[in-house]
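Work through the exercises below with the sequence and the 3D view open. Try each task before reading its solution.

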Amino acid sequence: MAAEIEQNVKYSTSILDIEGYTRIKHLYIKMRDGIELCADVFLPFSAYKHGSKVPVICSLGPYGKDIPVLEFGLPSTSMYSDMYKLITPLGPDACFEVSDPIVWTKEYGYAVLRVDSRGVGGSQGRLDPFGMERSLELQADAESQDLYDVIEWAGVQSWSSGKVGLSGISYYGMSGYWAAMRKPPHLACVVSYEAAVDKYQGDRKGGILGANFQPHWYNNIVLPHQAGRANGRLNPEQLAANRADYPTLVSKDEYPDGATWKILKETRQLSDIEVPFYLAGNWTDCEIHLPGNILAYNGISSKQKWLEMHTGNHLASYHDKDHIVLQKKFFDYFLKGDKDSGILSVPRIRLLQHRSTGTFYREGEEAFPPPDAEDVAFFLTPSQTLSLNEHVGERKSFVYEGLTGTITFELESNFTESFELMGTPYVELEVATEAEDQDIFLALRAIDEDGKVIILEGNHSEPNEHFAKGFFRLSHRDEVHAGFKAQRVKVPSQPIVPRSAVEKGKIYSVTIPFLPAAFLFEKGQKLSLEIGAQDTASTIPPMRHDGGERSPERFGGKNTIMSHGKLILPRIKRPVP
């Protein structure tokens with residue numbers, strides 16, 4: 001009954017001139033199965049009043065196109081609105097993680113099209129984030145079908161030039177991949193910021209479910225926007241009947257060969273992407289999206305593609321004026337046909353490098369990881385130091401609690417010259433557990449000349465005392481190995497590999513990658529490695545991996561790590577600015 005109610009109710013369309021552009025709210029776009037999605041269009045006066053045809057920047061997602069960005073997440077969480085308070089300018093139609101019409105429509109002359117996905121706001125259909133339920137039913141990528149239909153609608157409107165681009169952060173950046181894989185004829189290019197390429201890897205880094213983030217995300221910033229909820233038109237029972245069981249879908253299959261993940265992995269192939277792409281990732285987005293934009297750059301078939309890596313606030317770079325300049329050059333070239341936009345002069349790879357608490361860009365790299373990076377091994381000694389010299393004495397067992405313990409190894413002496421890390425660090429360890437399974441959390445910290453940990457800005461603007469992280473579950477070791485050590489290009493992925501058996505007390509030799517990282521150590525600074533059974537202390541609550549399937553029954557007991565293991569750091573040698 002709830003589904004029937006939803007299909008028969010539509011919002012009224014309204015048109016209003018506001019701050020230099022025309023806002024058209026609540027247009028409806030019919031999908032191939034008859035469901036209609038609710039959209040807002042923002043048009044420059046040249047298009048709405050004078051009949052000009054303009055290119056379109058499009059987005060489709062579950063966050064509610066009608067929610068002012070400074071109210072987003074409230075009252076459940078202030079995390080996102082607080083982050084947006086640090087961003088200027090914000091126009092009257094600024095919306096979470098997508099293009100702002102005050103910039104793109106008023107200033108630059110683009111149409112901006114925002115579409116609420118199924119079951120959100122005024123859109124019909126069942127709420128189904130990422131199209132997971134429908135993909136299982138259709139045995140196809142359901143979300144990309146809706147994206148295809150929206151793009152093709154946008155390409156033939158009276159105000160459209162026929163050139164459509166996609167742009168956004170996170171969910172909206174991910175949907176850019178999926179849309180491009182389907183090759184809609186009117187899609188000309190995509191801008192994707194801080195966006196995982198693999199839903200499974202984004203949710204289960206190294207096999208460990210983000211058990212805190214999933215309910216935080218779903219309950220605080222998706223469910224509040226379900227169609228029929230805000231106005232009380234549907235009661236709780238009707239709302240529940242008109243949405244997919246996302247929490248179960250995302251947690252029921254732990255391994256990538258499970259039905260939920262397998263269909264998405266098989267139908268979403270990066271090599272199918274051929275349109276131009278501008279990709280921007282974040283070194284501090286370890287818990288969710290990293291290494292998505294890097295994997296995309298390496299995996300898509302597009303001849304014209306760019307990769308930029310930055311740091312800090314998850315939302316800020318996308319709206320930063322310097323980033324906007326580059327996005328505009330990209331869109332002007334591929335959507336407006338401006339051959340003098342300057343994008344072809346922008347280095348194809350631009351990698352922000354951490355240097356103490358400051359940053360600078362490495363531009364013009366040939367690839368990522370840098371092909372000339374040298375792997376430097378630091379050995380884990382029985383005295384809990386990191387040494388460039390391999391220890392030949394008796395091995396020592398480091399034993400710690402399976403859900404709470406940590407062990408730290410620190411460089412035995414300060415760097416005597418600068419040491420620039422760029423690429424994917426990893427460890428080679430021998431491990432064992434008394435429990436049914438073993439989770440390992442890795443962290444690298446930089447220590448200054450006074451012995452203090454160097455604090456960076458985290459992905460949600462929190463103080464961040466690590467510059468690299470890694471995640472690993474022992475029963476996923478073959479999957480992790482296949483996606484990293486077995487690959488020629490060392491960027492971690494998590495392919496379809498079944499569960500690896502775990503025997504209590506057996507010693508396993510494992511290779512565990514960190515997420516890709518960048519840090520320039522100055523002479524006199526040091527490095528420390530934390531290996532443990534839980535997140536670092538500075539990890540904010542929504543990003544922690546507490547509870548959920550990490551139960552004492554499965555993970556309680558003693559874990560063991562043997563000395564004589566190795567930390568491998570990819571070192572590049574470049575002039576230091």
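How many disulfides does the count come to? The model is a predicted one.

**Exercise 1. Count the disulfides and check two cysteines.**

Step 1. Apply the cut-off: two cysteine sulfur atoms must lie within 2.5 Å. The count by this rule is zero disulfides.

Step 2. Take Cys-95. Its nearest cysteine sulfur belongs to Cys-38 and is 12 Å away. Cys-95 is therefore in no disulfide.

Step 3. Take Cys-189. The closest cysteine sulfur, in Cys-58, is 12 Å from its own, which is too far for a bond.

Step 4. Check accessibility. Cys-95 has a relative accessible area of 5%, so it is buried. Cys-189 has 0%, so it is buried too.

**Exercise 2. Test the length of helix H7, then describe its surroundings.**

Step 1. Set the limits. H7 covers residues 171–182, twelve residues.

Step 2. Work out the expected span. The rise is 1.5 Å a residue, and it is multiplied by one less than the number of residues. For H7 this gives 16 Å.

Step 3. Compare with the model. The end C-alpha atoms of H7 are 17 Å apart, which agrees with the expected span.

Step 4. Look at burial. Eleven of the twelve residues of H7 are buried, so the helix is largely enclosed by the rest of the structure. Among them are the aromatic residues Tyr-171, Tyr-172, Tyr-177 and Trp-178. Gly-173, Gly-176, Ala-179 and Ala-180 are also on the list.

Step 5. Move just past the helix. Lys-183 takes a positive phi of about 55° there.

**Exercise 3. Is Gln-327 buried or exposed, and which residues does it contact?**

Step 1. Place the residue. Gln-327 is in helix H15, which runs over residues 321–334.

Step 2. Read its accessibility. The relative value for Gln-327 is 0%, so it counts as buried.

Step 3. List its contacts, leaving aside neighbours within four places in sequence. Gln-327 touches Trp-104, Val-191, Tyr-193 and Tyr-318.

**Exercise 4. Where does Ser-383 lie, and what does its side chain join?**

Step 1. Locate the loop. Ser-383 sits between strand E14 (374–380) and strand E15 (385–387).

Step 2. Classify the residue. Exposed means over 50% relative accessible area. Ser-383 has 55%, so it counts as exposed.

Step 3. Find the side-chain partner. A polar contact of 3.0 Å links the side chains of Ser-383 and Thr-381.

Step 4. Relate Ser-383 to Lys-504. The two are 121 residues apart in sequence. Their C-alpha atoms are 26 Å apart in space.

Conventions:
Residues are numbered from 1 along each chain as its sequence is written. This is a predicted model: local features need pLDDT of at least 70, side-chain atom pairs count only at pLDDT 80 or more; totals for chains, interfaces and linings use all residues. Side-chain values use heavy atoms; hydrogens and water are left out. Buried means under 20% relative accessible area, exposed over 50%, partly exposed in between (1.4 Å probe, protein chains only). Helices (H or I, at least four residues) and strands (E, at least two) are DSSP runs, numbered from the N terminus. Contact means heavy atoms within 4.5 Å. A polar contact is a pair of N or O atoms within 3.5 Å; within protein, one must be able to donate a hydrogen and the other to accept it, and residues adjacent in sequence count only if both atoms are side-chain atoms.
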